[in-house]
Amino acid sequence: MADVDLDRADVDLDRALEVATELAAWASETIRRPRDPGAEVREKDGPADIVTATDEAVETHVREVLGRAFPDHGIVGEEYGTTEGAADAPHWVVDPVDGTTNYAHGLGWCSFSLGLAAADGTPLLGVVADPWRGETFTAVRGRGAFLNGTRTHAAAHTTLTGHVFLTEWAAHAHWPGMDTLLAQLADRHCTVRVMGSTALSLAQVAAGRATAAAIGGFHAIDALPPLLIALEAGAVAVPERPSHNQPLLLVAPAAAQEMTELWYGSGAAAV
């Protein structure tokens, strides 16, 4: 990862991590609470893009806590957009329920995603919480990645064959190059899973469970936190600093050459 002047970022990362992990624990408890099956589910940009009261309540609480703890910081959220911070101040990115479709349909695979980035977009801190399995991934830039407080590392696998690749659709649709890539992975007996939460799927590379994971378009609110966590766990990111909507690949280092060749050869890496 490129160097960044943490002093210039003007943030106490120990304090930021403390607040972020407390928010993750609160959000996980909130998400786990029994949900009224008749509760309103509203469309945002279409039938495959929905929001629940839980999404809104979690983000509202997160914004309130961050606003009190770090009043100069900006906030970018899935449900309520951008709150500008002071000039050159860091900003938080939050997806209160990443995997709302799963959550709304009673499928136990969604996550809470929270990250902090410097003014230039450099990731400083990442937290991804899995409410259903009681797992919380954390990373601070330059300090390694952790799962429930224990250091975690990308897999040592030297091949994709026999292992797992995770991806997510672009809402309800495949992204360009996805079908070709999945066919090539099938030829190598690499098992593909599409689980329904970008943050949680990408974080599995950091845990060594998935040898690789990819998305067709990078959005900081749900991909910046697991990107930092995976990098701190030793994974390779292509590219290391993706732009908004740019495809992103994460892969265990010893399998990076094989996976990267497929990534470019399939056309999946094209912007």
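**View 1. Phe146 and its bridge partner in the predicted model.** Arg151 of β10 is the bridge partner of Phe146. The model is predicted. Strand β9 covers residues 145-147. β9 and β10 pair in the antiparallel sense, over 2 bridges.

**View 2. The open sheet of 8 strands.** The strand order is β4-β3-β5-β6-β7-β8-β9-β10. Pairing across the sheet is mixed. Its edge strands are β4 (81-83) and β10 (150-151). Each edge strand pairs on one side only.

**View 3. Helix α2 across the sheet.** Helix α2 spans residues 53-69. It lies across β3 (74-77), β4, β5 (91-98) and β6 (111-117). The helix runs at about 155 degrees to β5. Among the strands under α2, β4 is an edge strand of the sheet.

**View 4. Helix α5 across the sheet.** Helix α5 is formed by residues 198-206. The strands it lies across are β5, β6, β7 (123-130) and β8 (135-140). Its direction is at about 105 degrees to β7. Strands β5 and β6 are also crossed by helix α2.

**View 5. Thr122 in the loop between β6 and β7.** Thr122 counts as buried because its relative accessibility is 2%, and the cut-off is under 20%. Its side chain makes polar contacts with two side chains. One is that of Asp120, at 2.8 Å. The other is that of Arg241, at 3.1 Å. The flanking strands, β6 and β7, both lie under helix α5.

Technical notes: Residues are numbered from 1 along each chain as its sequence is written. This is a predicted model: local features need pLDDT of at least 70, side-chain atom pairs count only at pLDDT 80 or more; totals for chains, interfaces and linings use all residues. Side-chain values use heavy atoms; hydrogens and water are left out. Two strands pair if DSSP finds at least two bridges between them. Helices (H or I, at least four residues) and strands (E, at least two) are DSSP runs, numbered from the N terminus. Contact means heavy atoms within 4.5 Å. Axes are lines fitted to C-alpha atoms, for helices over the stretch in contact, and angles run from 0 to 180 degrees between N-to-C directions. Buried means under 20% relative accessible area, exposed over 50%, partly exposed in between (1.4 Å probe, protein chains only). A polar contact is a pair of N or O atoms within 3.5 Å; within protein, one must be able to donate a hydrogen and the other to accept it, and residues adjacent in sequence count only if both atoms are side-chain atoms.
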